[in-house]
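Student: Could you take me through one part of this model up close? I'd like to see how the charged side chains pair up, and then what sits around them.

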Amino acid sequence: MEDPTKPTVKLTGVSGNAFAVMGVVSRALRKAGLPKEHIDKYMEESMAGDYNNLMRVAHKYAHIS
């Protein structure tokens with residue numbers, strides 16, 4: 001069952017650049033009405049590792065399509 005608090009994010013067509021991915025996901029979290037603290041935590045976790053970590057964290061916070 002999908003988590004209704006996680007927004008769906010389409011990364012197809014988005015530059016593979018880490019900053020582009022973080023921007024798309026953080027905007028989706030903000031648009032979904034999630035609190036700043038939640039978005040800040042997403043950003044902190046995203047930057048705490050390599051590109052594979054970035055993608056794992058994106059999947060943790062959003063439904064990626």
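Tutor: Let's start with Glu 45 and Lys 41: both sit in helix H2, four residues apart, or about one turn of the helix. Keep in mind that we're looking at a predicted model. Glu 45 and Lys 41 form a salt bridge, and their closest N and O atoms are 3.9 Å apart. That counts, because the cut-off for a salt bridge is 4 Å. As for the spacing, an α-helix has 3.6 residues a turn, so residues three or four places apart point the same way. Lys 41 is partly exposed, at 47% relative accessible area.

Glu 45 has another partner. Its side chain also meets that of Lys 60 in a salt bridge, at 2.9 Å from N to O. This pair ties together distant parts of the chain, with Lys 60 in helix H3 and Glu 45 in helix H2, 15 residues apart. Lys 60 is partly exposed too, with a relative accessible area of 49%. Put those pairs together and you get a salt-bridge network linking Lys 41, Glu 45 and Lys 60.

A search of the whole structure turns up three salt bridges, so let me add Lys 36 and Asp 40, whose side chains meet at 2.7 Å, N to O. They're four residues apart in helix H2, which puts about one helical turn between them. Lys 36 counts as exposed, at 56% relative accessibility, while Asp 40, at 37%, is partly exposed.

Now for what lies around H2 and H3. Both of them, along with H1, each supply at least two residues to the largest nonpolar core if we count its members by helix. That core has 16 residues, and Val 9, Val 25, Leu 29 and Tyr 42 touch the most other members. H1 gives the largest share of this core, six residues.

H1 itself runs over residues 18-31, and its 14 residues reach 20 Å from first C-alpha to last, close to the 20 Å expected. At its start, a side-chain oxygen of Asn 17 comes to within 2.6 Å of the backbone nitrogen of Phe 19. Just after H1, Gly 33 takes a positive phi of about 85°. The buried residues of H1 include Val 21, Met 22, Val 25 and Leu 29, and the buried set packs against strand S1 (8-9), helix H2 (36-46) and helix H3 (51-61).

Val 25 is a good residue to zoom in on. Setting aside neighbours within four places in sequence, Val 25 is in contact with Val 9, Tyr 42, Ala 58 and Ala 62. Pro 7 is worth a look as well: Pro 7 and Val 25 are 18 residues apart in sequence, with their C-alpha atoms 8.6 Å apart in space. Pro 7 is found in the segment before S1, and at 12% relative accessibility it counts as buried. Again leaving aside neighbours within four places, the contacts of Pro 7 include Ala 28 and Leu 29, as well as Leu 34, Tyr 61 and His 63. Ala 62 is on the list for Pro 7, and Ala 62 is also among the contacts of Val 25.

Terms used:
Residues numbered from 1 in each chain as written. Predicted model: local features only at pLDDT ≥ 70, side-chain atom pairs only at ≥ 80, totals over all residues. Heavy atoms only, no water. Expected span 1.5 Å × (residues − 1). Buried < 20%, exposed > 50% of the residue type's maximum accessible area, 1.4 Å probe, protein only. Contact = heavy atoms within 4.5 Å. Polar contact = N/O pair within 3.5 Å; in protein donor to acceptor, adjacent residues only side chain to side chain. Core = buried A, V, L, I, M, F, W, Y, C linked by side-chain atoms within 4.5 Å.
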